[in-house]
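Good morning, and thank you for joining this presentation. I would ask you to keep the sequence and the structure in view while I speak.

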Amino acid sequence: MVRALLRSTAVAVALFVGATAASVAPASAAPERPDSPTGPAARTSPAGPETSAAAAPTVSRVNGRNRYAVSVAASRAAFATGTHPPVLYLVSGVSPWESLSVTPTAVRQEGGVLMTRPDGIPAVVAAELERLAPASIVVVGGAGTLSDTVLRQAHGYAPEVRRVSGVDRYGSARALVRQGFAPGVGGTAWLASGRTWTDAVVAGAAAASHRAPLLTVDGRAERLPMATTALIRDLGLTSVTIAGDARAVSPGIQAQLEGLLGASTVRRATGKDRYAVAASVDRLAHAEPAPGAAYLANGRDAATAVSGGFLAGTTGRPLYFTTPYCVPAAARPALTASSVSEVVLVGGERSIRSLVGGLQACRSIHTESSLWTLVNKSNPLEPETYRPSKLVVPAVRHANGARLRPDAAAAVARMFSAARKDGAGGLSVSSGYRSHETQESVYRRRVSTKGRVYADQWIAHPGHSEHQTGLALDIAPVGSSSCATHSCIGPTSQGKWLRANAWRFGFVVRYESTSSPVTGFNGEPWHVRFVGTPLSRAYHRGGWHTLEQFLGEPAAPRY
């Protein structure tokens, strides 16, 4: 039942992780080679219909080799050469919590937001500060968030430097609001939990689009602190939009706001997860949008999302959250609407895959029949005796009983035909679908001849084998003078062709020789997995080497 529980588990924790490549570039630009994920990823995939990608608008990226370079790329997109904003806010690139209300304040003042390391200003950020030559710099957060070294270094780039902070994240948020919004300003505000960065970032972008403040509070409390109610009165607010459901911001806080402002002036943007909340916020903030850009950020990557929120807010456009590799069902209708003429991906390939730029709908990675199902040592099939509903014998040379799912079988036929036309030689399927019983027999036979440790490096346990999905197959060369079985295909012309071209037909080489720490298996150049051409092309373009890393899932080297 583990897999079923994972499907229903909400995404809980997101880490600040880096982004890749350089500057604001078309999404088709060659991305950097991705590294292994640096932290635990969410264990659920928002499931959408099993459909192909919609016709994509123009796609571009706000890109940088790390989180600091991404914030600089966003700044360069916001401020043309020769522009000198009156103020720039420096925020921590390690923790978002004290800077959640910064975007509306910066945008209200026609200023910018840049990230810095806590112990000093990175060279790429320093160069941007020098380019912009702001009149003032505001360091956000106490010395425990951004050190006095940052404060001292900032004096080299602006005649006025000051620190804005409070006793905690909520005090810092109130101080930021007072920094940008004068008493009696009136109008509306947005409110989000200071414990849920996704709600606060998208609400901050929405607030900035309307040049309104963002209030962040402890959403678990039943009442607002006196300092926040005083701020609401001082500003003369007349309405508030709450981002997040009752688990994020309590009904008690909503009731108190209704008592302060009137029940009809308090509304709430809700959704079942962070992707749906963001889409709901955008519907309220951009009810009738003119044609233009929509910004897409990884809903698990706070660092790039903060930069995306600033750009979205300063341009008055919506910010949506996606998974690293596909667009959730909650966001896709708005992104495929006529009002979206450009999709801007925030971050590099490591943060947000090119597949998202094509507005590819999500498929479940935990449903056994899904084309994208992830089966490995940590993710067994459920039930472990799973059998595809339909299996066919591919119209290619094959060993007895080498059946596959129909979509995989058709793709194999196209791939083998192309290999022959390209002069690589003939190919055959040496193994396709294996039942649970067959996989158990194969595994036990290897244990009896080579031992369990050896077997675990080469053969999946029954219930953990991709072969049981009907989407995986082992391939052998035909007519090679040096090799007659799948186990030696690697150096043959067929093996080289397969490694270079399988992606064109919807396949990935599942177990590369350098990927054992992630997959737990030795290199198998003969084992390919059908995932469909949208994913396989994005996988190839991004230079990925394991499905685990592409999908943002943890490594699975052990059972």
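Before turning to the packing of individual helices, I should fix one term: two residues are in contact when heavy atoms of theirs lie within 4.5 Å. Please also bear in mind that what you see is a predicted model.

I begin with the overall picture. The chain contains 20 helices and 17 strands. It has 559 residues, and 59% of them count as buried. Among contacts with a separation of 6 or more, 75% link residues that are 24 or more positions apart.

Let us turn to the sheets. One of them is an open sheet of four strands in the order 4-3-5-6, with parallel pairing. Strand 4 and strand 6 each have a single partner strand and stand at the edges, so one side of each lacks a neighbour in the sheet. From one strand to the next, the twist averages 25°. Within this sheet, strand 3 and strand 4 are paired in the parallel sense over five bridges, and Leu-88 has Gly-112 of strand 4 as its bridge partner.

One residue of strand 4 deserves attention, namely Thr-116. Is Thr-116 buried or exposed? Its relative accessibility is 0%, and it therefore counts as buried. Beyond its neighbours within four places in sequence, Thr-116 is in contact with nine residues' worth of surroundings that I shall give only in part, including Tyr-68, Leu-90, Ile-121, Leu-146 and Val-150.A second open sheet also has four strands, in the order 8-7-9-10, with parallel pairing. Here strand 8, residues 214-217, and strand 10, residues 266-269, stand at the edges with a single partner strand each, so one side of each is left without a neighbour in the sheet. Neighbouring strands of this sheet are turned against each other by 25° on average, direction ignored. Strand 9, residues 239-243, runs parallel to strand 10 and is joined to it by four bridges. Opposite Ile-242 stands Arg-268 of strand 10.

Elsewhere, the pairing is antiparallel: strand 14 and strand 15, the latter at residues 472-478, are joined in that sense over five bridges. Val-429 stands opposite Ile-475 of strand 15. Why can strand 14 be described as largely enclosed by the rest of the structure? The reason is that five of its six residues, within 426-431, are buried.

I now move to the helices, starting with helix 4, at residues 123-132. Its buried residues are Val-125, Ala-126, Glu-128, Leu-129, Arg-131 and Leu-132. They are covered by elements that include helix 2, strand 3, strand 4 and strand 5. Just after helix 4, Ala-133 adopts a positive phi of about 45°.

Helix 6 follows, at residues 169-180. At 1.5 Å a residue, its twelve residues should span 16 Å, and its end C-alpha atoms are 17 Å apart, which agrees. At its start, a side-chain oxygen of Asp-168 comes to within 3.1 Å of the backbone nitrogen of Tyr-170. Tyr-170 is itself one of the buried residues of helix 6, and others among them are Ser-172, Arg-174, Leu-176 and Val-177. What do the buried residues of helix 6 pack against? Their partners are strand 3, helix 3, strand 5, strand 6, strand 8 and helix 8.

Next come the nonpolar cores. In soluble globular proteins, nonpolar side chains tend to be buried together. In this model, the largest nonpolar core has 68 residues, and Leu-90 and Phe-321 are those with the most contacts inside it. Helix 7, residues 197-209, gives the most to this core, with nine residues. Leaving aside neighbours within four places in sequence, Leu-90 is in contact with a set of residues that includes Leu-114, Thr-116, Val-125, Leu-129, Val-139 and Ala-154. Apart from this core lies another, of 44 residues, among them Leu-355, Ala-419, Ala-424 and Ile-489.

I close with one loop residue. Where is Ala-212 found? It is in the loop between helix 7 and strand 8. With a relative accessible area of 4%, Ala-212 is buried, since the cut-off for that class is under 20%. Not counting residues up to four places away in sequence, Ala-212 touches Pro-104, Phe-181, Thr-188, Ala-189 and Ala-207. Ala-212 and Thr-105 are 107 residues apart in sequence, while their C-alpha atoms are 8.2 Å apart in space.

Conventions: Residues are numbered from 1 along each chain as its sequence is written. This is a predicted model: local features need pLDDT of at least 70, side-chain atom pairs count only at pLDDT 80 or more; totals for chains, interfaces and linings use all residues. Side-chain values use heavy atoms; hydrogens and water are left out. Buried means under 20% relative accessible area, exposed over 50%, partly exposed in between (1.4 Å probe, protein chains only). Helices (H or I, at least four residues) and strands (E, at least two) are DSSP runs, numbered from the N terminus. Two strands pair if DSSP finds at least two bridges between them. Axes are lines fitted to C-alpha atoms, for helices over the stretch in contact, and angles run from 0 to 180 degrees between N-to-C directions. A nonpolar core is a set of buried Ala, Val, Leu, Ile, Met, Phe, Trp, Tyr and Cys residues joined through side-chain atoms within 4.5 Å. The expected span of a helix is 1.5 Å times one less than its number of residues. A polar contact is a pair of N or O atoms within 3.5 Å; within protein, one must be able to donate a hydrogen and the other to accept it, and residues adjacent in sequence count only if both atoms are side-chain atoms.
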